[in-house]
Each structure stands twice: as C-alpha cells, then as structure tokens.
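Please open the model in your viewer and keep the selection tool at hand. The tour below goes from one selection to the next and says what is to be found at each stop.

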Amino acid sequence: MHFIQKNKVFIAGLSAGGAMSIVMGVTYPELFAGIGVSAGIEYQAALNVFNAYSVMASKGPSPVKQGRIAYQQMGKRAKPLPLIVFHGNADSTVNVANADQVVHQWITTNNLAYNGRIDGWIQDSPVKTKEEKILFGRDYTTYRYESSKGELAIDKYIINGMGHAWSGGNSAGSYTDPKGPNASRIMWDFFMSQKV
C-alpha cells in the first residue's frame with residue numbers, strides 16, 4: 001500500500017507529453033496541484049495531426065481564447081494551478097513561441113478559475129526576469145508571473161541553444177540535454193514552494 005498526499009500530486013511531460021500534462025490539468029483539476037510543461041503547446045491548440053504540425057512549426061490560436069476554453073472545460077471543478085514551463089530557443093520541432101502561449105493561456109485560465117473574471121489576479125507580464133550564465137552549461141532566462149499576493153506562480157524557463165529536449169537529465173536518455181538546467185529538480189522545488 002502506498003500513501004500519497006492528495007494535495008501534492010503533480011504532472012509534467014515533454015513535447016506531446018507536455019501538451020498532455022496540460023490536458024490532464026484541465027480535465028482533472030481536482031487531482032493535480034501543479035503542471036510542468038517542457039516544449040509543449042497550449043490547451044486544444046491542435047485537434048488533429050495536421051493542426052499539430054502547423055502549431056508546432058509556428059504557434060497556436062489566441063491564448064486568451066484557449067484559456068477561456070480550458071476554464072469552461074474545468075467546469076465546477078475549476079481551480080488555479082501553478083505552472084512551470086521549459087523550452088529551448090533552438091527547438092526546431094516545437095517553436096519556442098509556444099512557451100509564451102502556454103503561459104498566457106494559463107494566466108487566463110487561472111484568472112477565471114480564481115474568481116470568474118480576467119481582472120489581473122495574475123498579471124500578463126512577468127513580475128521578475130532573471131538571466132543565468134552557466135559555465136560549461138546552457139545559459140537561460142527565467143520569467144516569473146505571480147498572483148497579486150504571491151499565492152500562485154507561473155514560471156517560464158527559456159534555455160539558450162537547447163533543442164527539443166528535457167532540460168537536464170542523463171545523456172543516455174533520449175531527448176535530454178544534460179547541459180541545460182535540471183528541469184526535474186527545478187520543477188520539484190517550484191511545486192513545493194506553491195501555496196495553493
């Protein structure tokens with residue numbers, strides 16, 4: 001028998017898995033306490049394979065529109081969810097513009113889940129931006145979006161020179177980039193720091 005703290009279940013994925021972590025967060029918000037996305041796309045940005053390739057090559061529909069759709073899908077179970085996003089700016093599989101779209105879709109969804117309005121509970125611009133220079137690794141920039149009293153955050157990591165990969169990880173794995181910051185560790189620390 002395993003004892004799991006129900007308020008500490010998180011979901012994360014890479015690429016299609018990143019998109020699926022968003023779908024799971026929207027579809028079952030009562031089960032998850034946070035979402036991690038690496039090189040994914042916003043909620044229902046693509047509804048078939050043809051659309052998926054188009055979105056991956058450029059970007060999806062309006063994040064505000066998709067944020068409203070996600071909130072409607074949550075229904076009575078809607079609740080704000082912390083989100084952390086990782087994306088390489090040299091990703092030739094999923095355009096880095098999708099990282100911004102994922103963030104802004106969730107800003108809309110979280111604002112609506114908080115009080116049914118898009119009224120700036122979480123602002124649409126970062127409250128903090130930080131550049132990290134890493135010796136023998138990949139430099140990256142972190143963007144923090146936060147609710148008005150700091151109860152909930154959305155973090156975005158853009159990794160310089162990283163392609164379509166999980167940031168950090170073992171070089172023996174597929175689709176990993178050991179030179180990138182350790183996404184697994186950073187995600188865990190991020191999730192543990194959230195108050196909702």
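Begin by selecting helix 1, residues 16–27, together with helix 4, whose axis comes within 13 Å of that of helix 1 and crosses it at roughly 5°. Because angles under 35 degrees count as roughly parallel, helix 1 is described as roughly parallel to helix 4. As you look at this pair, please bear in mind that the model is a predicted one. To see where the two helices touch, show the side chains of Ile22, Gly25 and Val26 on helix 1, and then those of Val102, Gln105 and Trp106 on helix 4. If you colour these contact residues by character, 4 come out as nonpolar and 2 as polar, with no charged residue in the contact of helix 1 with helix 4.

Keep helix 4, which covers residues 97–115, and add helix 3, residues 63–74; the two pack at an angle of about 45°, and their axes are 7 Å apart. How are helix 3 and helix 4 placed to each other, parallel or oblique? Helix 3 and helix 4 are oblique to each other, and their crossing is right-handed. On the side of helix 3, the residues to select are Pro63, Val64, Gln66, Gly67, Arg68, Ala70, Tyr71 and Met74, while helix 4 contributes Gln101, His104, Gln105, Trp106, Thr108, Thr109, Leu112 and Ala113. The residues of this contact between helix 3 and helix 4 divide into 8 nonpolar, 7 polar and 1 charged.

Next come the aromatic rings, which form 6 aromatic pairs in this model. One of them joins Phe10 and Phe191, and it is worth turning the view until both rings are seen edge-on, for the pair is stacked, with 4.4 Å from centre to centre and 5° between the planes. Phe10 belongs to strand 1, residues 10–14, and Phe191 to helix 5, residues 183–193, so this pair ties together parts that lie 181 residues apart in sequence.

For the last stop, select Arg144, which is found in strand 5, residues 140–146. Its side chain makes a polar contact with the side chain of Asp155, at 2.6 Å. If you then widen the selection, leaving aside the neighbours of Arg144 within four places in sequence, the residues in contact with Arg144 are Pro126, Val127, Lys128, Ala153, Ile154, Asp155, Phe190 and Gln194.

Methods:
Residues are numbered from 1 along each chain as its sequence is written. This is a predicted model: local features need pLDDT of at least 70, side-chain atom pairs count only at pLDDT 80 or more; totals for chains, interfaces and linings use all residues. Side-chain values use heavy atoms; hydrogens and water are left out. Axes are lines fitted to C-alpha atoms, for helices over the stretch in contact, and angles run from 0 to 180 degrees between N-to-C directions. Helices (H or I, at least four residues) and strands (E, at least two) are DSSP runs, numbered from the N terminus. Angles under 35 degrees count as roughly parallel, over 145 as roughly antiparallel, 65 to 115 as roughly perpendicular and the rest as oblique. A crossing is left-handed if the near helix is turned anticlockwise from the far one by less than a right angle, and right-handed if clockwise. Contact means heavy atoms within 4.5 Å. Ala, Val, Leu, Ile, Met, Phe, Trp, Tyr, Cys and Pro count as nonpolar, Asp, Glu, Lys and Arg as charged, and the others, Gly among them, as polar. A polar contact is a pair of N or O atoms within 3.5 Å; within protein, one must be able to donate a hydrogen and the other to accept it, and residues adjacent in sequence count only if both atoms are side-chain atoms. Rings of Phe, Tyr and Trp (its six-membered ring) pair if their centres lie within 6.5 Å; planes under 30 degrees apart count as stacked, over 60 as edge-to-face and the rest as tilted.
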